[in-house]
Amino acid sequence: MTHIDTTCVQGGYHPKNGEPRQVPIIQSTTFRYDSSAAMAKLFDLEESGYFYSRLQNPTTDNVAAKIAAMEGGTAAMLTGSGQAATFMSIFNICPSGGHVICLAEIYGGTYNLLSVTMKQMGIETTFVRNNCPDEELAKAFRSNTRAVFGETISNPTSAVLDIERFARMAHTHGVPLIVDNTFATPVNCRPFEWGADIVTHSTTKYMDGHGSAVGGAIVDSGKFDWNAHADKYPGLTRPDESYHGLVYTERFGLAGAYITKATAHLMRDLGCVQSPFSAFILSQGLESLHVRMKRHCENGEAVAAYLDAHSKISFVKYCSLPGNEYYELAQKYLPGGSCGVVSFGIAGGREKAEQFMNKLTICNIATHVSDAHTCILHPASSTHRQLSEEQLRAVGVAPEFVRLSVGIEQVEDIIADLDQALAQI
Ligand SMILES: *Cc1c(COP(=O)(O)O)cnc(C)c1O
């Protein structure tokens, strides 16, 4: 395999003689055929091809192929958002009546999806701590458990997933490990190399990298043996009545069954597609991902070290900072750097944090993270403002908690901005 830096630029799309070098935007909902018979084969999944962009589109397929190559997977699909990717990655193998084990330090949107919405759909979730002992983790598995879900680096608390350990535990219980690799990106960590089975992304973040297009992706390693646990995964190993009794693992093998089902079944019925134009923007971002991640990490490390040494900062959460509780795991799984998201506390609490935010000029107050611009958020006065002080502490977001997403500007300017704002409070 070529180096990840080369795959970022050239992976996935390989133009033939005289074809456009850049991924073409095929902004068309439909595709024309000479006969009904030719089209019928596509509807029966007997031949692959395009007929309607809710199922597949050449632009989104090319970009999905690039992401599959970057992660080292066998197949991938794009979705309309990271939320859609998370939902479909689980629901594809865990319908009503199933159970999921999820890491407790997780993106808030994933927590709500699992604990509220998927619960309403008859899917239960047990949340486990990253550092829970093996015995406690083993107890969380039930006969109806269908997947374990975690984030390589958690948003926003910077907890690092011990991928090897959780993959081993999942496999011992006959279920796959799904890893949300949004913050690390395949440039800094490829979870399949450590035993993960499926990877998801919010491509909205570093992959796009410029805050331009909402999107998601699901990648399959092709390694999980659904047939060895056929009773648990009838959706993949038993006939699909909505496709004349086709069996996904038989027709598409382990390399293609999971993503083909997610496309032919879930995307057909749920329709949360990424548009060809958004996929094109994502493709542009992917071509410079390896260059940008390096800068995000260098800047993130410098800012974390600056904050850690400042007397008005009560704590810093950044897994690449020596002394952090996840530093050793970060060295193992993210030796080349983690990401640019640094969370910290302002000594003096909510009021001081709000004053600090108001003095910033270069750091943009925005809910977004992980793009070229440095963005900052005070959850207690924005995303989490409905919560009481007690509730805030319970979800791990203290009133003084600030989430900083360090961009790719000159780091001296970012630190100078933080410094002048801290001097004024
Ligand atoms: C943002 C985010 C999501 C959700 O992605 P959207 O594209 O906003 O739907 C999922 N996981 C992580 C880690 C995220 O940061």
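Hi everyone. A word on terms before we begin: the axes I talk about are lines fitted to C-alpha atoms, for helices over the stretch in contact, and the angles run from 0 to 180 degrees between N-to-C directions. And please keep in mind that this is a predicted model.

Let's start with helix α12, residues 289–308, and helix α16, residues 411–423. Their axes come within 10 Å and cross at roughly 25 degrees. That makes α12 roughly parallel to α16, since angles under 35 degrees count as roughly parallel. As for handedness, α12 passes α16 in a right-handed crossing.

Which residues make this contact? On the α12 side you'll find Asn299, Ala302, Val303, Tyr306 and Leu307, and they meet Val411, Ile414, Ile415, Leu418, Asp419 and Leu422 of α16. Sorted by class, the residues of this contact are nine nonpolar, one polar and one charged.

Now let's step back to the domains. The domain assignment splits the protein chain into domain 1, covering 4–284, and domain 2, covering 290–423. How far apart do the C-alpha centres of domain 1 and domain 2 lie? The answer is 29 Å. Across the boundary, 32 residues of domain 1 are in contact with 29 residues of domain 2. Together the two domains bury an area of about 2,600 Å², and carbon and sulfur atoms give 62% of that. If you'd like residues to click on in domain 1, try Val160, Asn188 and Tyr206: these lose the most area to domain 2, together 28% of what that side buries.

While we're in that part of the chain, have a look at the loop between β4 (145–151) and α7 (163–172), where Pro156 is found. A cis peptide bond joins Asn155 and Pro156, with omega at about 5 degrees. Ser158 also has its place in the loop between β4 and α7, and Ser158 has a positive phi of about 65 degrees although it is not a glycine.

Next, another helix pair: α3, residues 58–71, with α11, residues 276–286. Here the axes come within 8 Å and cross at roughly 35 degrees, and the crossing is left-handed. From α3, the residues Thr59, Thr60, Val63, Lys66, Ile67 and Met70 meet Pro276, Ala279, Phe280, Leu282, Ser283 and Leu286 in α11. The contact of α3 with α11 divides into eight nonpolar residues, three polar and one charged.

My last pair is α4, residues 82–91, and α5, residues 108–120. Their axes come within 10 Å, with a crossing angle of roughly 50 degrees. α4 and α5 are therefore oblique to each other, and their crossing is right-handed. Gln83, Thr86, Phe87, Ile90 and Phe91 in α4 meet Gly109, Thr110, Leu113, Leu114 and Met118 in α5. How many charged residues does the contact of α4 with α5 have? There are no charged residues in it, but six nonpolar and four polar ones.

That's my tour, thanks for listening!

How values were computed. Residues are numbered from 1 along each chain as its sequence is written. This is a predicted model: local features need pLDDT of at least 70, side-chain atom pairs count only at pLDDT 80 or more; totals for chains, interfaces and linings use all residues. Side-chain values use heavy atoms; hydrogens and water are left out. Helices (H or I, at least four residues) and strands (E, at least two) are DSSP runs, numbered from the N terminus. Angles under 35 degrees count as roughly parallel, over 145 as roughly antiparallel, 65 to 115 as roughly perpendicular and the rest as oblique. A crossing is left-handed if the near helix is turned anticlockwise from the far one by less than a right angle, and right-handed if clockwise. Contact means heavy atoms within 4.5 Å. Ala, Val, Leu, Ile, Met, Phe, Trp, Tyr, Cys and Pro count as nonpolar, Asp, Glu, Lys and Arg as charged, and the others, Gly among them, as polar. Domain bounds come from an automatic or database domain assignment. Buried area is the accessible area (1.4 Å probe) that two parts lose on being put together, summed over both.
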